[in-house]
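User: I'd like to go through this one with you and ask how the labels are justified. Could you pull it up?

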Amino acid sequence: MFRCSVRLIKGLTQITWLREQPVLPNLLYRRSVPAAYLPSRALRVTWPCAEEVKDFSLPNPSWSQNMRNLYNKYMELSQQGSWIRLPSYNVTATHLIGKAEQCPDSAKPQVTTRLFTRNLDVEGLGFEYVMFYNQAELRTVGIFQAGPYLEGPIGLTHGGAIATIVDTTSGACAICTLGKVKTANLNINYRSPITLGSTVEVQCRVDKIEGRKIFMSTEIRSADSQVLHIEATALFIQMKMSE
Ligand SMILES: CCCCCCCCCCCC(=O)SCCNC(=O)CCNC(=O)[C@H](O)C(C)(C)COP(=O)(O)OP(=O)(O)OC[C@H]1O[C@@H](n2cnc3c(N)ncnc32)[C@H](O)[C@@H]1OP(=O)(O)O
């Protein structure tokens with residue numbers, strides 16, 4: 001009886017806490033973002049504390065035609081309301097700031113840490129990617145172009161770089177769904193190599209949620225969907241209230 005009561009109280013505490021978590025946690029959007037790119041009303045979004053923060057998920061001259069075509073496709077879907085483009089910054093904290101008025105120094109340019117996937121200053125050399133989230137379907141799509149500094153085997157993308165993109169895209173989906181998470185487990189089957197310079201589509205979805213655990217699966221295919229490159233699963237754990 002006592003154990004039941006304790007479990008009930010723990011469960012209720014967690015439900016209350018989950019309700020307080022933003023669905024799309026603390027993502028920062030530029031004030032100038034076109035209305036069509038704004039998330040649906042169900043998503044709680046905070047605004048940027050620094051107008052000068054650069055959004056790295058916007059097209060730049062290094063993007064291939066395939067990358068642009070896929071970007072345009074999901075931007076059109078975003079205008080219909082099913083998907084939203086996730087902004088991307090080169091400092092992790094910039095994604096996770098609670099409120100504009102609480103904007104910490106970590107979001108400002110003097111910060112010395114860098115998000116791993118945005119750590120190169122020259123466009124096109126490393127990870128070029130943009131992610132979109134579909135709240136109704138609990139899915140993210142990543143459009144990824146592998147730059148020449150991600151080489152593993154000659155002319156091919158390093159397996160660790162691919163793992164990074166899987167972690168990032170499925171992690172973003174988990175964060176948008178449950179709030180702050182950490183990766184607990186990542187399993188990757190490399191089905192065919194990804195040529196450096198090519199553009200691929202990363203499809204992630206939530207398989208199930210059990211308490212603080214969120215199970216994800218991911219597929220990476222060529223831009224024309226004909227070639228399967230990667231199949232992966234991942235487990236993310238939602239951070240405790242105190243973290
Ligand atoms: C849009 C934004 C863009 C932003 C774009 C950026 C997105 C990038 C996302 C990248 C994320 C990362 O790389 S994170 C960095 C890499 N990961 C890490 O460094 C994590 C290191 N590990 C840890 O800190 C910890 O082990 C945790 C947090 C994973 C779990 O610790 P915990 O919070 O104390 O949880 P714990 O009680 O142990 O476990 C909770 C439940 O999960 C299960 N569990 C825990 N670990 C595992 C495991 N490896 N495999 C199976 N199950 C596990 C437990 O059995 C338990 O199940 P039950 O008993 O409840 O059933």
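User: How much area does the protein expose, and what share do carbon and sulfur atoms supply?

Analyst: Keep in mind that this is a predicted model. The protein exposes about 12800 Å², and 54% of that comes from carbon and sulfur atoms. As for cover, buried residues make up 43% of the 243 residues.

User: What makes strand 7 mostly covered?

Analyst: A residue is called buried when its relative accessible area is under 20%. In strand 7 (residues 228-238), 8 of the 11 residues are buried, so by that cut-off the strand counts as mostly covered.

User: How do you know that strand 4 and strand 7 pair?

Analyst: Pairing takes at least two bridges between two strands. Strand 4 (residues 181-190) and strand 7 have 9 bridges, in the antiparallel sense, so they qualify as a pair. One of the partnerships is Asn-185 with Leu-235 of strand 7.

User: And what joins strand 6 to strand 7?

Analyst: Strand 6 (residues 213-222) runs antiparallel to strand 7, with 9 bridges joining them. Here Phe-215 stands opposite Leu-235. The two strands form a hairpin with 5 residues between them, and Ser-225 in the turn has a positive phi of about 70°.

User: Why are strand 1 and strand 4 said to stand at the edges?

Analyst: Look at the order: the open sheet has 7 strands, arranged 1-2-3-5-6-7-4 with antiparallel pairing. Strand 1 (84-86) and strand 4 each have a single partner strand, so one side of each lacks a neighbour in the sheet. On average, neighbouring strands are turned by 25° against each other, direction ignored.

User: Does strand 1 count as paired with strand 2, or unpaired?

Analyst: Paired. The requirement is at least two bridges, and 3 bridges join strand 1 to strand 2 (residues 127-134), which run antiparallel. Leu-86 has Met-131 in strand 2 as its bridge partner.

User: Which strands does helix 2 touch as it packs on the sheet?

Analyst: Helix 2 (residues 65-79) touches strand 1, strand 2, strand 3 (139-146) and strand 5 (199-210), and its direction makes about 20° with that of strand 2. Helix 4 (residues 159-178) also packs on the sheet, touching strands including strand 4, strand 6 and strand 7; its direction makes about 135° with that of strand 4.

User: What does UniProt list for residues 155-227?

Analyst: The unreviewed UniProt entry lists "domain: Thioesterase" there. Over that stretch the chain is 27% helix and 44% strand, with the end C-alpha atoms 17 Å apart.

Note on methods
Residues are numbered from 1 along each chain as its sequence is written. This is a predicted model: local features need pLDDT of at least 70, side-chain atom pairs count only at pLDDT 80 or more; totals for chains, interfaces and linings use all residues. Side-chain values use heavy atoms; hydrogens and water are left out. UniProt positions are given in the numbering used here, feature names are shortened, and annotations may be inferred rather than shown by experiment. Helices (H or I, at least four residues) and strands (E, at least two) are DSSP runs, numbered from the N terminus. Buried means under 20% relative accessible area, exposed over 50%, partly exposed in between (1.4 Å probe, protein chains only). Accessible areas come from the Shrake-Rupley method with a 1.4 Å probe; for residues, only the protein chains shown count as cover. Axes are lines fitted to C-alpha atoms, for helices over the stretch in contact, and angles run from 0 to 180 degrees between N-to-C directions. Contact means heavy atoms within 4.5 Å.
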